[in-house]
Amino acid sequence: MSSAIAAVSEYLGAFTRNDPDAIAAYVSDGFRNEHLSELGSGCVGRVEYRRRLPHFLAAFADRRYSIVDVIEQRRDSCTEVAVRYRFEAKYEDKQIEIPGVMWFSVRDDLITKRIDTWDSLTFLKQTDQYD
């Protein structure tokens, strides 16, 4: 396993703990967090990302990302890692399981960019917010 894939795997694994500092430790100071799903919202910078993490951790109890598939591509300035995942958690007492894909840019074993696309409609259906 390459160091970039290891960094991404460890980052996703850190979400099982309720420690925003441990999660934020995997991202760079200038980290860009982008969401392509309608219900997501992005941010720029480790400080802002860290500030938002407690809300996410509180909203999604017993969360876990399972990596379904991973692809790595090396570029001159960074290594890009694409991860197909399943996100499992409890949201307002409802068990959810959402498929998604994240595209990471990794430099010096820190994540500099994450683009997350997940199935918003499945989330809405599983949480009884869509008929």
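Two strands pair if DSSP finds at least two bridges between them. By that rule, β1 and β2 form a pair, antiparallel in sense, with two bridges. One of the contacts across this pair is easy to find: N33 has C43 in β2 as its bridge partner. Keep in mind that this is a predicted model.

Now widen the view to the sheet. Six strands make up an open sheet, and the pairing is mixed. Read across, the order is β2-β1-β6-β5-β4-β3. Which strands stand at the edges? They are β2 (43-44) and β3 (61-74). Each has a single partner strand, so one side of each is left without a neighbour in the sheet.

Step inward from β2, past β1, to β6. Here β1 and β6 run parallel, joined by five bridges. V27 marks one place on this seam, with I111 in β6 as its bridge partner. On to the next pair. β6 and β5 are antiparallel and share eight bridges. In this pairing, G100 stands opposite W118 in β6.

Next comes the core. The largest nonpolar core holds 33 residues. Y11, Y49, F104 and I111 have the most contacts inside it. Both helices and strands feed this core with at least two residues each. The helices are α1 (3-14), α2 (20-24), α3 (46-59) and α4 (120-126). The strands are β1 (27-35), β4 (79-91), β5 (94-107) and β6 (110-118). I111 thus appears twice in this tour: it is the bridge partner of V27, and it is among the core residues with the most contacts.

Take F104 for a closer look. Leave aside its neighbours within four places in sequence. F104 is then in contact with V8, Y11 and L12. It also touches T79, E80, V81 and V83. I111, K113 and R114 complete the set.

That last residue, R114, deserves a stop. R114 lies in strand β6. Is R114 buried or exposed? R114 is buried, yet it has no salt bridge. The nearest side chain of opposite charge is D116, 4.0 Å away. What does the side chain of R114 make a polar contact with? The partner is the side chain of N33, at 2.9 Å. This is the N33 that is bridged to C43 in β2. Again leaving out neighbours within four places in sequence, R114 has contacts that include Y11, F15, Y49 and Y65. F31, R32, N33, E34 and H35 are also among them. So are M102, W103 and F104.

Move to the far edge of the sheet, to β3. V70 has its place in this strand. With 31% relative accessibility, V70 counts as partly exposed. Not counting residues up to four places away in sequence, V70 touches I5, V81, A82 and V83. V81 and V83 are also in contact with F104. Y26 gives a sense of distance: it is 44 residues from V70 along the chain, and their C-alpha atoms are separated by 18 Å.

Finish at the loop between β4 and β5. E92 lies there, and so does D93. Neither is a glycine, yet both have a positive phi. For E92 the angle is about 45°. For D93 it is about 65°. Why does E92 count as exposed? Exposed means over 50% relative accessible area, and E92 has a relative accessibility of 59%. D93 is exposed too, with a relative accessible area of 73%.

Definitions and conventions: Residues numbered from 1 in each chain as written. Predicted model: local features only at pLDDT ≥ 70, side-chain atom pairs only at ≥ 80, totals over all residues. Heavy atoms only, no water. Core = buried A, V, L, I, M, F, W, Y, C linked by side-chain atoms within 4.5 Å. Buried < 20%, exposed > 50% of the residue type's maximum accessible area, 1.4 Å probe, protein only. Helix = DSSP H or I, 4+ residues; strand = E, 2+ residues; numbered from the N terminus. Contact = heavy atoms within 4.5 Å. Lys, Arg positive; Asp, Glu negative; His and termini not counted. Polar contact = N/O pair within 3.5 Å; in protein donor to acceptor, adjacent residues only side chain to side chain.
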